[in-house]
Amino acid sequence: MSEITEKKRIFSGVQPSGKLTLGNYLGAIRNFETLQDAYECLYCVVDLHAITVRQNPAELRRQTLEVLAQYLACGLDPQKSTLFIQSHVPAHAELAWILNCYTMFGELSRMTQFKDKSAKHADNVNAGLFDYPVLMASDILLYQTDLVPVGSDQLQHIELTRNVAQRFNGVYSDTFTMPEPYIAKTGARIMSLQDPMRKMSKSDENANSFILLMDKPEDIMRKFKRAITDSEGTIRRGEGKEGISNLIAIYGLATGRTAEEVEAEFAGQGYAAFKPAVGEAVVELLRPIREKTEDLLKNKDYLEQVYTEGAQRASYMARKTLDKVYRKVGFIKR
C-alpha cells in the first residue's frame, strides 16, 4: 500500500490596497493557481497590517473586497485554497502579543521597511508600524507554514520570523514549523516602466510606472508607449538596456515566449512597433481578470460566503497552534 504524503502548507498575505499590479500578478499571483494543486494554500487579505498607516474606513472595506475578488478572478479556487480576511481570525493578534515577548527591540530596529515607511509617514511613526513584522511572523507561524511566497525584498521578514520561532522553540520545545521562503523561478521581479532599476510598485508617485490589473486597455497602451527604454532602438537585452529588457520579460511572460524567442520575433524592428505589441499582449492577458473581477464585485453575497467559510477553516487551524502556545507559556485553559 502506497504511503500518503501530506501536502506542505503555503501562507501568503496581501495588503488590501485594491491595487494589484502587473508585477504582483506575473511575479507571484499567477503562480498561485498552480500552487493550490500541489500545496495546502492559505491566502489572507491583511487588513490589520493596513492600518499601520491612516486609512479611509469606507475605502478600506471596498479595497479589501476588491483584492479578494481579484484573487478569485486570477484563478484561486475557494474549494482548494483557504481565502480569508485577517481581522476575521483574532488568533493573529493574540499570537502576535505572545511573540512580541520573544522578539528583541534591536531586531525590529534593523528592519529596512520600517526605516523606509517611517521616512514616508514621518507624521505617523506609530508602534504598529515598528511592530508589524511580529504580526507578520504571527501570520506565518500560526498556520505551521512550510513555505511563504515572497520577493527578495521580503526575505528579511522571513529571517526574523525564523529567529522568533527558533527562540520560542528553544525555550518551550518544538512548537512552530520553521518556514522557508518560496521564490518563483520566473517573473519574480517586474520593474517600473519609468525607472527600470526599481521594482514595479503601486506606491510609486508616477502612475505611468506601473500597470494595475484593473487598468483600462487604453491606459495600459498609453503607459507602455511612454515606457522608458534607450536610444539604441534594437529589441535585445544587454548592459544599459534595462528598460527594454524589462519589456522583453513582460512580453515573454504575457505570451509564453522565452526572451530569445521575443528577440528573434522583433529582430529588425524598432521600439515604435515593440511597445504597442507589449501593450496589446498585456491588455489581452489582463482582460479576463478585469472582467471577472467586475462581475464578482456585483455579487457581494458570494464574496461574503468565500471569506466567511475561509475564516472558519483558518480559525480552526489557528486555534490548534494558539492553544498549544498558551499551554506552553503557562496560561490556564479557558
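This passage walks through strands, cores, helix packing and a few single residues of one predicted model.

The structure is a predicted model in which local features need pLDDT of at least 70 and side-chain atom pairs count only at pLDDT 80 or more, while totals for chains, interfaces and linings use all residues. Residues are numbered from 1 along each chain as its sequence is written, and side-chain values use heavy atoms, with hydrogens and water left out. Helices (H or I, at least four residues) and strands (E, at least two) are DSSP runs, numbered from the N terminus.

A good place to begin is strand 2, residues 40-45. Of its 6 residues, 5 are buried, where buried means under 20% relative accessible area, exposed means over 50%, and partly exposed lies in between (1.4 Å probe, protein chains only). Strand 2 has partners in strand 1 and strand 3; two strands pair if DSSP finds at least two bridges between them. Strand 1 (residues 9-14) runs parallel to strand 2 and is joined to it by 6 bridges; here Gly 13 stands opposite Cys 44. Strand 3 (residues 82-85) is also parallel to strand 2, with 4 bridges between them. Two of the partnerships can be followed by name: Tyr 43 is matched with Leu 83, and Val 45 with Ile 85. Within strand 3, Thr 82 and Phe 84 point one way while Leu 83 and Ile 85 point the other way, and all are buried.

The next topic is the nonpolar cores. A nonpolar core is a set of buried Ala, Val, Leu, Ile, Met, Phe, Trp, Tyr and Cys residues joined through side-chain atoms within 4.5 Å. The largest one has 60 residues, and those with the most contacts inside it are Leu 22, Tyr 71, Phe 224, Phe 274 and Leu 286. Helix 12 (residues 271-297) gives the most to this core, contributing 12 residues. Another core lies apart from it, with 39 residues that include Cys 44, Phe 84, Phe 130 and Ala 165. Leu 22 shows the surroundings of one core residue: leaving aside residues up to four places away in sequence, Leu 22 touches Gly 27, Met 200, Ile 211, Leu 213, Phe 224, Ile 250, Val 282, Leu 285 and Leu 286, where contact means heavy atoms within 4.5 Å.

Several helices pack against each other. Their axes are lines fitted to C-alpha atoms, for helices over the stretch in contact, and angles run from 0 to 180 degrees between N-to-C directions. Angles under 35 degrees count as roughly parallel, over 145 as roughly antiparallel, 65 to 115 as roughly perpendicular and the rest as oblique. Helix 3 (residues 57-73) and helix 12 pack at about 130°, with axes 8 Å apart, which makes helix 3 oblique to helix 12. The residues in contact include Leu 65 and Ala 69 of helix 3 and Ile 289 and Leu 296 of helix 12.

Helix 7 (127-141) takes part in two such pairs. The axes of helix 4 (residues 91-100) and helix 7 come within 8 Å and cross at roughly 120°, so these helices are oblique to each other. Among the residues making this contact are Leu 95 and Leu 99 of helix 4 and Val 134 and Leu 135 of helix 7. With helix 8 (155-172), the axis of helix 7 comes within 9 Å and crosses at roughly 70°, so this pair is roughly perpendicular. At that meeting, the helix 7 residues include Tyr 132 and Met 136, and the helix 8 residues include Ile 158 and Ala 165.

Helix 8 also holds Asn 163 and Asn 169. Asn 163 is partly exposed, with a relative accessible area of 30%, whereas Asn 169 is buried at 11%. Not counting residues up to four places away in sequence, Asn 169 touches Asp 174, Thr 175, Phe 176 and Met 178. Asn 163 and Val 262 are 99 residues apart in sequence and, C-alpha to C-alpha, 43 Å apart in space.

Finally, two loop residues deserve a look at their backbone. Most residues other than glycine have a negative phi. Gln 144, in the loop between helix 7 and strand 4 (147-149), has a positive phi near 50° and is buried, with a relative accessible area of 19%. Ser 173, in the loop between helix 8 and strand 5 (180-182), has a positive phi of about 75° and counts as partly exposed at 42% relative accessibility.
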